[in-house]
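Student: I am new to this structure and would like to go through it slowly, one question at a time. Could you show it to me before we begin?

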Amino acid sequence: MTRFAVSPLAPTTLPIQGSDAVFPVRRVFCVGRNYGAHVREMGGDTKDQPPLFFTKPADAVVAPGGAVTYPPGTSDFHHEMELVVALKAGGADVAPSEALELVYGYAAGVDLTRRDLQTAAKKAGQPWDSAKAFDASAPVGAIRPATGEAPAGAIRLSVNGQVRQDGRLGDMIWSVEEIIAEVSRLWRLEAGDLIFTGTPEGVGALARGDFVEGEIEGVGSVAFTVA
Ligand code: MN
């Protein structure tokens with residue numbers, strides 16, 4: 001038996017709707033700029049750009065009921081409401097036509113962002129880790145097992161009951177199938193991987209005490225209070 005010098009971390013897990021099994025998280029991939037209106041609100045252009053990827057550590061995922069605290073080192077802490085894809089199988093160079101066969105299910109998630117650090121990193125050509133991959137930066141709701149087509153309905157986020165983001169999954173520039181295919185060209189995907197698929201317009205700042213609630217039609221919800 002292996003004798004660990006320090007205690008190994010237990011895997012981060014997410015609950016599954018209608019099941020007492022839990023989903024063990026391996027890696028967290030994220031897509032930047034995937035809705036036209038959000039790309040434009042951030043000063044970008046949607047035309048002919050390949051999808052932009054970044055990652056978060058698995059232990060940045062916050063399961064329902066877990067704590068989300070206002071992170072240190074920022075004064076512009078933003079919400080980005082996103083559809084999260086959970087994989088049950090892996091692969092490299094996956095064809096878009098076969099991509100949905102890898103999907104275990106879908107969840108509602110929030111890509112929390114230190115916007116001020118991201119803006120500074122973009123300007124300086126520096127990596128985004130401190131802007132995106134910080135502790136508790138990825139609250140995710142219970143996973144709904146997939147039943148065929150990728151969800152295409154409404155995606156919304158409210159803060160203290162006021163709607164801030166109100167979009168449609170069908171407005172994504174890159175579809176779920178295309179995103180899986182594109183990620184798999186750069187990394188070998190495995191069961192347990194999560195993919196955040198980008199946010200619609202309406203991103204904005206959060207303050208301590210804010211109650212954040214997101215919902216995706218046909219998928220589920222995510223909710224937390226910023227402590
Ligand atoms: Mn995002």
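Student: Is valine 219 buried or exposed?

Tutor: This is a predicted model, in which local features need pLDDT of at least 70, side-chain atom pairs count only at pLDDT 80 or more, and totals for chains, interfaces and linings use all residues. Residues are numbered from 1 along each chain as its sequence is written, and side-chain values use heavy atoms, with hydrogens and water left out. Buried means under 20% relative accessible area, exposed over 50%, and partly exposed in between, with a 1.4 Å probe and protein chains only. Because valine 219 has 3% relative accessibility, it counts as buried.

Student: Where does valine 219 lie along the chain?

Tutor: Helices (H or I, at least four residues) and strands (E, at least two) are DSSP runs, numbered from the N terminus. On that numbering, valine 219 has its place in the loop between strand E16 (211-216) and strand E17 (220-225).

Student: Which strands stand at the edges of the open sheet of four strands?

Tutor: Two strands pair if DSSP finds at least two bridges between them. The sheet has the order E13-E12-E16-E17, with antiparallel pairing. One side of each edge strand is left without a neighbour in the sheet, because each has a single partner strand, and these edge strands are strand E13 (162-168) and E17.

Student: Over how many bridges do E12 and E13 pair?

Tutor: One bridge partnership joins isoleucine 155 to glycine 167 in E13. Strand E12 (residues 154-159) and E13 pair in the antiparallel sense, and the number of bridges is six.

Student: Which residues are the protein donors of the manganese ion?

Tutor: Donors are N, O and S atoms within 2.8 Å of the metal (3.2 Å for Na, K and Ca), and since water is not among the atoms, sites may look incomplete. Along the chain the donors of the manganese ion follow the spacing E-x1-E-x28-D. Lying 2.0 to 2.1 Å from the ion, they are Glu80 (OE), Glu82 (OE) and Asp111 (OD).

Student: How many residues apart are glutamate 82 and aspartate 111?

Tutor: Glutamate 82 is in strand E7 (residues 81-87), whereas aspartate 111 is in the loop between strand E8 (103-110) and strand E9 (113-114). Glutamate 82 counts as buried, at 0% relative accessibility, and aspartate 111 is buried with a relative accessible area of 0%. The pair links distant parts of the chain, and the separation is 29 residues.
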